[in-house]
Amino acid sequence: MNLLIVEDEIRLADALGEIMKEQKYITDIVYNGTDGLYYAKNNCYDVIILDVMLPGMNGFDIVRELRASHIATPVILLTAKDDVRDKIAGLDNGADDYMTKPFVPEELLARIRALTRRQGDVILEEQNFLDLTLSLSTCDLICGSKSIHLSYKEFEIMKLLMANQKSVLSKDFLISKVWGSDSNAEDNNVEAYISFLRKKLAFLGSHVMISTIRKVGYRLEDASL
Ligand code: CA
């Protein structure tokens, strides 16, 4: 399980990090809102633990920005104020749960387990195509004994390509699914991520290639044919 902790109280953040390590969870820890948003948007986590009062950008704004960017990673807000309005604001902005400080770590761990169980009910564990496996829980792309971690957008694009194996996916379709139809992403954003994915496929030595169908889009194919 991959976790992100965004908390500016360094001692609390590091203590949480230690607790997660004991659970064998892989944890990134950042101490301000700006880094928190950047990490959350560019990596793939199972759960984000997000303080509300943060330098740079507050937790409400971060979770709203994530949801606007179609990032559905479960978020647990940490709020210092035991104020009903804060809790409502947090949930309204797209958070999944909240904890009021101070809290006992066991309760936080229980809530993390509850959120990831709920996710596990609705999603498949992995997708496969030829020699390639995409882990939907860790965002790792696996081929034989090799594996490589995908960034959030690489993962979303690969998931779409693997879920639509017979279809050619247009750049417009990928933009609307991965960036959102109201985004100002352009064709060259898609091209950049396809090129990252091709490099990762080459690293893995997979038989799968992403072929370009001119003026139409992209499709997965068997390069060994
Ligand atoms: Ca704080």
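Leaving aside its neighbours within four places in sequence, with which residues is methionine 158 in contact? In this predicted model, the residues that methionine 158 touches beyond that sequence window are Leu132, Leu134, Leu141, Leu150, Leu197, Leu201 and Leu220. Methionine 158 belongs to the largest nonpolar core, which has 32 residues, and together with Leu132, Leu141 and Ile157 it touches the most other members. Two or more residues of this core come from each of strand 7 (132-135), strand 8 (140-143), helix 6 (152-163), helix 7 (171-180), helix 8 (187-204), strand 10 (208-213) and strand 11 (217-222). Separate from it is a second core of 19 residues, whose members include Val30, Ala40, Val52 and Leu77.

Val30 also leads to the sheet, since valine 30 of strand 2 is the bridge partner of valine 6. The pairing to which these residues belong joins strand 1 (residues 2-6) and strand 2 in the parallel sense, over five bridges. The open sheet as a whole is built from five strands with parallel pairing, arranged in the order 2-1-3-4-5. Its edges are formed by strand 2 (26-30) and strand 5 (97-100), each of which pairs on one side only, and from one strand to the next the twist averages 15°.

Helices pack against this sheet. Helix 1 (residues 10-22) touches strand 1, strand 2, strand 3 (47-51) and strand 4 (75-79), and its direction makes about 165° with that of strand 1. Helix 4 (residues 84-92), for its part, lies across strand 4 and strand 5 and runs at about 150° to strand 5.

The calcium ion brings strand 3 and the loop after strand 1 into one picture. The ion is coordinated by Asp8 and Asp51, each through OD, and by Met53 through O, at 2.1 to 2.3 Å, and the spacing of these donor residues in sequence is D-x42-D-x1-M. Because aspartate 8 lies in the loop between strand 1 and helix 1 while aspartate 51 lies in strand 3, the pair ties together parts that are 43 residues apart in sequence.

Are these two aspartates buried or exposed? Aspartate 51 has a relative accessible area of 2% and is therefore buried, the cut-off for that class being under 20%. Aspartate 8, by contrast, has a relative accessibility of 30% and so counts as partly exposed, a class that lies between the buried limit and the exposed one of over 50%.

Terms used
Residues are numbered from 1 along each chain as its sequence is written. This is a predicted model: local features need pLDDT of at least 70, side-chain atom pairs count only at pLDDT 80 or more; totals for chains, interfaces and linings use all residues. Side-chain values use heavy atoms; hydrogens and water are left out. Two strands pair if DSSP finds at least two bridges between them. Helices (H or I, at least four residues) and strands (E, at least two) are DSSP runs, numbered from the N terminus. Axes are lines fitted to C-alpha atoms, for helices over the stretch in contact, and angles run from 0 to 180 degrees between N-to-C directions. Contact means heavy atoms within 4.5 Å. Donors are N, O and S atoms within 2.8 Å of the metal (3.2 Å for Na, K and Ca); water is not among the atoms, so sites may look incomplete. Buried means under 20% relative accessible area, exposed over 50%, partly exposed in between (1.4 Å probe, protein chains only). A nonpolar core is a set of buried Ala, Val, Leu, Ile, Met, Phe, Trp, Tyr and Cys residues joined through side-chain atoms within 4.5 Å.
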